[in-house]
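Colleague: I would like to learn how to read this model feature by feature. Can we take it step by step?

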Amino acid sequence: MTTTNTETAAVYAAAPAPRLDWAKLAPDVYKAMIRLDTAARKGLDPTLHELVKIRASQINRCAFCIDMHTKDALAAGESVERIVQLGAWEESPHFYTEKELAALELTEAVTVLTDGFVPDEVYERAARHFEEAELAQLLAAITVINAWNRFGVTCRMTAGRYQPGQHA
């Protein structure tokens, strides 16, 4: 009895073309963003930092940043399970520490400002889990990833080509 392989390779949709290579056209801004990103991560747990970057990028629908930070998190030892659950962290809090949950909640509040403010209870919960200096760094990290997301989404940066640590 012989078997034949009738499987065919999947044909994926074409990646959209980037609109603008802003980093090359505004190199001083790009370099300033790199410095700001480096400064914002100081004093933060690297795993927490990646979780925050992934979650903000999910909310902002920045495929490039989701790709990058998921790969960096996996390379740093983060579990697939915790990354997959980020989109539903409120329904699966048992995957995260109380401190991580407070950071994710703050990330969502800072990222989605459609109500015009960060609720006091969200800020106070984060303040209970983070020393003031660490909370300031967390806020900086959330703000920076949101800025990166705006560049990525607006310029239609292409996801899928990033290698872990490529921009470290």
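Colleague: Is Ala10 buried or exposed?

Modeller: Keep in mind that this is a predicted model. Exposed means over 50% relative accessible area. Ala10 has 54%, so Ala10 is exposed. Ala10 sits in the segment before H1.

Colleague: How far apart in space are Ala10 and Leu25?

Modeller: Their C-alpha atoms are 36 Å apart, with the two positions 15 residues apart in sequence numbering.

Colleague: What does the record say about domains?

Modeller: An unreviewed UniProt entry annotates residues 27-108 as "domain: Carboxymuconolactone decarboxylase-like". Such annotations may be inferred rather than shown by experiment. In the model, residues 27-108 are 73% helix and 0% strand. The C-alpha atoms at the two ends of that range are 30 Å apart.

Colleague: Now the hydrophobic interior. Which residues have the most contacts inside the largest nonpolar core?

Modeller: Leu106, Leu138 and Trp148. That core has 28 residues. Helices H1 (22-25), H2, H3 (46-60), H4 (63-75), H6, H7 (120-129) and H8 each supply at least two of its residues. H8 gives the most, with seven.

Colleague: What does Leu106 touch?

Modeller: Leave out residues up to four places away in sequence. Then Leu106 touches Val118, Val122, Ala126, Leu135, Leu138 and Ile142. There is also a second, separate core of nine residues. Ile54, Ala73, Ile83 and Leu101 are among them.

Colleague: On to aromatics. How many aromatic pairs does the structure hold?

Modeller: A search of the whole structure finds five. Take Trp22 and Trp148, a tilted pair. Their ring centres are 6.1 Å apart, with 55° between the planes. Trp22 lies in helix H1 and Trp148 in helix H8, so the pair ties together parts that are 126 residues apart in sequence. Both Trp22 and Trp148 are buried.

Colleague: Why is the pair of Trp22 and Phe151 called stacked?

Modeller: Planes under 30 degrees apart count as stacked. The planes of Trp22 and Phe151 are at 10°, and the centres are 3.7 Å apart, so this pair is stacked. Phe151 is in helix H8 and Trp22 in helix H1, so this contact ties together parts 129 residues apart in sequence. The relative accessible area is 7% for Trp22, which is buried. Phe151, at 24%, is partly exposed. Trp22, Tyr30, Trp148 and Phe151 form one aromatic cluster.

Colleague: Next, charges. How many salt bridges are there?

Modeller: Nine. The cut-off is 4 Å between a side-chain nitrogen of Lys or Arg and a carboxyl oxygen of Asp or Glu. Lys24 and Asp21 meet it, with the closest N and O atoms 3.8 Å apart. Lys24 is exposed at 67% relative accessibility. Asp21, at 38%, is partly exposed.

Colleague: Where do Arg41 and Asp37 lie?

Modeller: Both lie in helix H2 (residues 27-41). They are four residues apart, about one turn of the helix. Their salt bridge has its closest N and O atoms 2.8 Å apart. Arg41 is partly exposed, at 34%. Asp37 is buried, at 10%.

Colleague: What else is Asp37 in contact with, beyond its neighbours within four places in sequence?

Modeller: Lys53, Val144 and Trp148.

Colleague: Which residues does the Lys99 salt bridge join?

Modeller: Lys99 pairs with Glu134, the closest N and O atoms being 3.1 Å apart. This pair links distant parts of the chain. Lys99 is in helix H6 (residues 98-111) and Glu134 in helix H8 (residues 132-154), 35 residues apart. Lys99 is partly exposed, at 29%. Glu134 is buried, with a relative accessible area of 17%. Elsewhere, salt bridges with shared partners join Asp37, Arg41 and Lys53 into one network.

Colleague: Last, the cysteines. How many disulfides does a search of the whole structure find?

Modeller: A disulfide is a covalent bond between the sulfur atoms of two cysteines. Here the search finds zero.

Colleague: Why is there no bond from Cys62 to Cys65?

Modeller: The cut-off is 2.5 Å between the sulfur atoms. The sulfur of Cys65 is the closest cysteine sulfur to that of Cys62, yet at 3.4 Å the two are too far apart for a bond. Cys62 is buried, at 1% relative accessibility. Cys65 is buried too, at 5%.

Notes: Residues numbered from 1 in each chain as written. Predicted model: local features only at pLDDT ≥ 70, side-chain atom pairs only at ≥ 80, totals over all residues. Heavy atoms only, no water. Buried < 20%, exposed > 50% of the residue type's maximum accessible area, 1.4 Å probe, protein only. Core = buried A, V, L, I, M, F, W, Y, C linked by side-chain atoms within 4.5 Å. Contact = heavy atoms within 4.5 Å. Phe/Tyr/Trp six-rings, centres within 6.5 Å; stacked < 30°, edge-to-face > 60°.
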